[in-house]
Amino acid sequence: MTFSRRFALFDKVQLEVGENVRAFQELPVTCASSGGGYLWIGDADGFMHCLDSTFSFASFRAHNGGSVRLCHPAPGAESRLLATIGLSRDETTKVVEERLCVWNINKWPLPSKSSSPVCCRNIKTVVSGSGSNLGEVVALEVSSTLDIVILGHAGGMVQLIKGDISSDRHAKRIILYDFKSPVTNLYYVPASSSQPATKKSQVSEFLRGTTGRGSDLALAEIPDNGSVSSAHSNSSGSSMNAYLYAASESKLVSIMLGKKDEPIKSTVLDSFGCQPNCSCIVTNPEKPSQKGLAMAHKEAVYFYDADGRGPCLAIEGTKRAICVYKNYIVSIRHNKIGTSMPNFPDPQSSVSLFEYRNKFVGGDFAIPWAHSIITGFGGLFILCVEDGSKVQIVELIEKDTQSKLDILFARKCFNLAIGIAESDKFGEEELAHIHRRYADHLFNQKQYDLAVKEYIQTIGTVEASYVVLKFLESGLINHLSHYLEVLHKPENITRGSLTKDHTALLLNSYARLDDKERIDAFLERLAGQSNLGKEFYACINVLRRAGYPQQALRLAQITGNRGDAIAVLTEDLKDAPAALREIQSLPFEQALEAVCTHGAFLMQNAPSDTAELLDQLCSNSGGRINAQQFIKIFVNNRVGLMKFLERSIGKSTSKDASMANMVETLLELMLHEASSVAKDPSIQDKEAEISHLHALIMRLLEDPKSTYDEGKALVLCKQRDFIPGCLYIWMKNKQYDQIMEHYVLEDDFGAIMKACEEYGHEAPSLWFEAFKYVSDKPQLGDKLPLILSEIESRNLASPLAIIQFLTSPDKEKCHSLGNVKAYLLGYLESGKERVEANEAKMQRLREETLKNREIARQSQTRVKIFQQQKCAVCTQPLEPPSVHFLCDHSYHKSCYDTYSSDDHLCPECAPLIRNSLVKVNKETKESSSIDSVKLLDELEHTLGLENVNLSTTIGTAIAQGAIAESQSTPKITKFPRVVAPPRIPTPAAPKNPFDDTPVTKVSNLADSGLGGSLSSGFRQPPNQPSASGVSLSIKEPHPSKNPFGDENDEEAAEKNTEETEAYPEYLNPF
């Protein structure tokens, strides 16, 4: 049978040789060969002609005695040796004999017309006196090792010539085999270290290809009845030695050679032979060391290895030459009908290309006069020789791979497309796209089983969702599940093609098919895999929705999704004990989350075990638990939650935030429960229940082990109007003002006095709050002396503040004068004593000021002798430059500049001067322009009267003092000019070294020393005019360059006294 599938995968092109076309087309061709990028042609005149890839043509005479019978380039791209067989005439004896010549073309300039390559070896083909009639040479083979030439003679002898063919040295000749007919073909295979597995395995594997596609189309197994072995030996040794394929017209043998190239075994591979040029070596491109022989016969092309015949290709027709080009067997066939063998070349010849791995015809061309197949010339060429002298070259150009694939796709030959892509070493991605097109074609043809197989080949390249969508849209759940099963194989998981959605879809497909066995089998396979992720929530959920809770539980356990397993146990299987066991084996955080999620179900179905689990979590929380998390567990079960919290608080020994949260939650629950009981009319013994709850609340608050946020607890007690709790927290936090405010709002004077007596020593202001409470309640006047005595003893308020609170326009709220008479008289008596002490002090200061002025004035006329010998800072002897002060302190100039903070004051005396000035200013502010003694006498006289309104009496006394002051003549106070002791010398005008507050005029009772500043506002603002209406204005005099002043300075100061607004403090050294 012949190949039934034919495609036009090649194009025929007629080549033009160029300028040498006439010389090239008129050659009397006798032989042709190619190799190393050159085309060699021998002619009947003994010339060798060379044509390179650029179509440069050159010739040289190889033999001078006749035609060139055979030519053979040495194998290897770098050998550049050419062996020829022809008749040569000996120049000495003039005898014409057949000789073997080896030409070195490495240094032969091809375009040269006069030069020739070097003949590096020239020997006879037959040695005289050999004793046998070998006949002329009809077959030639050169080894790739360049040390062996094998000749096939017309007499049937196979002769091996051993020796370096690149030099004319001694050669060893060995007869390898003797055929009964002329030798037609010779092929030498060098020794290899690789070993075939079994007989025929190399050729069979190579011919069938890696995919095995199309092996049943034209590949036939021919029985091996024609193989005869002349010696018995195992086949394992044949792979280690070199061997030779030799063919005649009647037999094909393989000859194993020894280490010295002697024949050690000959095997008859077939009982029939072939014509010249009708055999070739077939090399596996994936394993170059595996080489077999292809031999053309009339009905087929047979393949052989060194041990026997292998498979064959059924290619009919008379074949005159074959050759291997890529994956094609190229054959020159005779198309003339008849039994007689036509002449060669034949005008009706054709060239066919058989793709032997995928079993199709890649091209069939009618090429007349086809003579030789040229493959070593950079492509596939056919040499045509018409009438023995007209030469033409036809090139067969293979289409590019994409064009070939398009042709195959158009013919729906996807298997062949895949085979061609694999032969052309296509990448995985390109092959996957071809598989995808093939699968789409099968899917459209409704061959779903085959389509699934092809889609499986695309895994890792084609998006899985593309395949999944096609099957889902067609409802092919069974085929989809088969594809997804393959997608879950480990080799596909490592490609990253699998996602958890695919697993969920596979389980969903099983569920729709109601195939529980396949679900269980898939789970078993999944359990055997390692490094499974935990993102299987969707898959577990699919099984749960499909009604397979046990399988969902199994999947959750396989993938380590403990949370999903607990959800299945509680929500689907309703197995509370198993869920509790699963929770107990979890880490704390996960166990806490599971309890919070499923606690309500567990509490209903296993309350005791659940409560025990909660206790364990609370005891091992380490501060990580929050009582708020358990509220969902006790839905509609407040009593249970309170008992749990009370039990947890009792067992806990920590005082961290978790403890505080539990106490606060329990407190809120108790307060809420007490409020609910108070509002529930159905409860019989309501008071007892409320009292019990309040007692529990107080016990919780007062428990020293309880840790809680007192602010939150206070807010809760206020919201539920639980006053005992508020009072306890206020007392605990020493917020006595809040307690007093509560009693005041409750109008409980007894509780107010009790609070003052209990907490007055810690918070004296409580007595003043009690006074404010009593101030507008005359009925409590008998308690007023006690309160006023406490206020006076603690100096909590001035008499004016007391008077302000006691005076009221409403007579019903005004106390009688007798209630405060003793308090005011005592305070006024002590005030009079202070006024007298202040006047005596002022007189003393005036005298000191006059004395200082006198000293300063005398310093201008008297000589001051400074007798200090050491610096007051460093205590080292004084050396100029130095600085001296009138206070008898002297300094080095450098020490003074370092330690002085003012340029005009002694560093040691400056702090004393500042303190004196501050003290004087303070006492001046406390002084009053009102005649304090007279005012006190008026108040004392008034207070001696009975039944007088307190408000009218105080106002009148103060008004009389103010009016008397305003009617008096303003007295301009002349401040004495006191100057600080200057330093010697003084380079500049004096400067104020202090920034004290200017002396202000004091004109009210509060500033006279009889009372302090109060929040009631009795002290007048400093910028307002005084009550007496007298304003003292002292204008600052212009500074003098002389820091000690002079007589004119004093007169100028007295003259400008009325214009000054403030006393110049920088002139006051104290």
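This is a short talk on the overall make-up of one protein chain and on some of its salt bridges.

Good morning, everyone. A word of caution to begin: this is a predicted model. Every value I give is computed from it.

Let's start with the whole chain. It has 1070 residues, and 47% of them count as buried. How many helices and strands are there? The chain has 33 helices and 33 strands.

Now the contacts. Take those in the chain with a separation of 6 or more. Of these, 57% come from residues 24 or more positions apart.

And the surface. About 54100 Å² is exposed. Carbon and sulfur atoms supply 50% of that area.

On to the salt bridges. The structure holds 27 of them. I'll walk through three.

Here is one: D261 with K162. The closest N and O atoms are 2.7 Å apart. Where do the two residues sit? D261 is in the loop between β18 (252-257) and β19 (263-270). K162 belongs to strand β12, residues 157-162. The two are 99 residues apart, so this pair links distant parts of the chain. Is D261 buried or exposed? D261 counts as buried, because its relative accessibility is 7% and the cut-off for buried is under 20%. K162 has 26% relative accessibility, so K162 counts as partly exposed.

Next, R333 and D364. Their side chains meet in a salt bridge, at 3.6 Å from N to O. Both residues lie in strands: R333 in β25 (residues 328-334) and D364 in β27 (residues 360-366). They are 31 residues apart, and again the pair links distant parts of the chain. R333 counts as buried, because its relative accessibility is 12%. D364 is partly exposed, with a relative accessible area of 39%.

Now for helices. R544 forms a salt bridge with E571. The closest N and O atoms are 2.7 Å apart. R544 is in helix α12, residues 537-545. E571 is in helix α14, residues 562-572. This pair, too, links distant parts of the chain, with the two positions 27 residues apart in numbering. E571 is partly exposed, at a relative accessible area of 41%.

One more point, back at R333 and D364. Which residues are joined into one network? R6, R333 and D364 are, through salt bridges that share partners.

To recap: a chain with 33 helices and 33 strands, and 27 salt bridges in the structure. Among them are D261 with K162, R333 with D364, and R544 with E571. Thank you.

Methods. Residues are numbered from 1 along each chain as its sequence is written. This is a predicted model: local features need pLDDT of at least 70, side-chain atom pairs count only at pLDDT 80 or more; totals for chains, interfaces and linings use all residues. Side-chain values use heavy atoms; hydrogens and water are left out. Helices (H or I, at least four residues) and strands (E, at least two) are DSSP runs, numbered from the N terminus. Buried means under 20% relative accessible area, exposed over 50%, partly exposed in between (1.4 Å probe, protein chains only). Contact means heavy atoms within 4.5 Å. Accessible areas come from the Shrake-Rupley method with a 1.4 Å probe; for residues, only the protein chains shown count as cover. A salt bridge is a side-chain nitrogen of Lys or Arg within 4 Å of a carboxyl oxygen of Asp or Glu.
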